[in-house]
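Work through the exercises below with the sequence and the coordinates at hand, and try each task before reading its solution.

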Amino acid sequence: MSRGFDVVIERDSEGYYIASVPALPGCHTQARSLDELSARIKKAIELYLEVVGKRSYDDESELTAYIWKNHEHLMTDFERRVGRAVHARQKAEAVEGEAMKRMLSTRWGLVGDPEVDSALSAGPEPFRRSVAKRILLEYGDSIVNRCLQCGRVVRTPRARQCFWCGHDWHNQP
Ligand SMILES: [Zn+2]
């Protein structure tokens, strides 16, 4: 596959070059020299596409992830609170150690809080989806960055390139 992706290169205070790809959130690398950086970011893009590109596209789950990642400021305090609880509960499942598990699930995961438990009674994903749906109804689809060619949800608000089809709209106003 030979899709070109834009790479943003920055230099940190210690002199390292840092490369990231706006169309592929989480895809970044660093190096001492630009040559090394270029080799590494190519590898990182390949890996990213290999792992993430295998998933099939599902509009509702992409929208849900997009809203939770980029538009938390449009949520109510309660929705944000439940969202944080979901993260903590997921972390609690992943950590070792009973004390840590308990702290994450009760203190941060709010297990036992009747309002939060009831919001999550059907599981975290239905809750996240219903919040995303409400926000889209209220604010409209214009808060979502969609590809002008294939109409799929682009990963981040500032990306001007589609992760799914490779379409690039940098040169459009
Ligand atoms: Zn596209």
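**Exercise 1.** Determine which residue of β3 tyrosine 17 stands opposite, and place this pair within the strands around β2.

*Solution.* Tyrosine 17 stands opposite alanine 31 in β3. The model is a predicted one, in which local features need pLDDT of at least 70 and side-chain atom pairs count only at pLDDT 80 or more, whereas totals for chains, interfaces and linings use all residues. Residues are numbered from 1 along each chain as its sequence is written. Strands are DSSP runs of E with at least two residues, helices are runs of H or I with at least four, and both are numbered from the N terminus. Strands β2 and β3 (residues 28-31) pair in the antiparallel sense over 4 bridges, where pairing requires that DSSP finds at least two bridges between the strands. Turning to the other partner, β1 (residues 8-11) runs antiparallel to β2 and is joined to it by 4 bridges, with arginine 11 having tyrosine 17 as its bridge partner. The hairpin of β1 and β2 has 5 residues between the strands, and there glycine 15 takes a positive phi near 90°.

**Exercise 2.** Assign the residues of β2 to its covered and uncovered faces.

*Solution.* In a regular strand, side chains alternate between the two faces of the sheet. In β2 (residues 17-20), Tyr17 and Ala19 make up the covered face, while Ile18 and Ser20 make up the uncovered one.

**Exercise 3.** Identify which elements give two or more residues to the largest nonpolar core, and how the domains take part.

*Solution.* A nonpolar core is a set of buried Ala, Val, Leu, Ile, Met, Phe, Trp, Tyr and Cys residues joined through C-beta atoms within 7 Å; buried means 20 or more other C-beta atoms within 10 Å, exposed 12 or fewer, and partly exposed in between, with C-beta atoms placed from the backbone. The largest core has 28 residues, and those touching the most other members are Val21, Leu24, Val82, Val116, Leu120 and Val154. Two or more residues come from each of β2, α1 (34-52), α2 (59-70), α3 (77-94), α5 (114-119) and α6, of which α6 gives the most, with 4 residues. At least three residues are drawn from each of domain 1 (8-52) and domain 2 (59-139), bounds that come from an automatic or database domain assignment.

**Exercise 4.** Is tryptophan 169 buried or partly exposed, and which residues does it contact beyond its neighbours within four places in sequence?

*Solution.* Tryptophan 169 lies in the segment after α6 (124-139). Because 14 other C-beta atoms lie within 10 Å, tryptophan 169 is partly exposed. Beyond those sequence neighbours, tryptophan 169 contacts Leu148 and Arg160, a contact being two C-beta atoms, placed from the backbone, within 7 Å.
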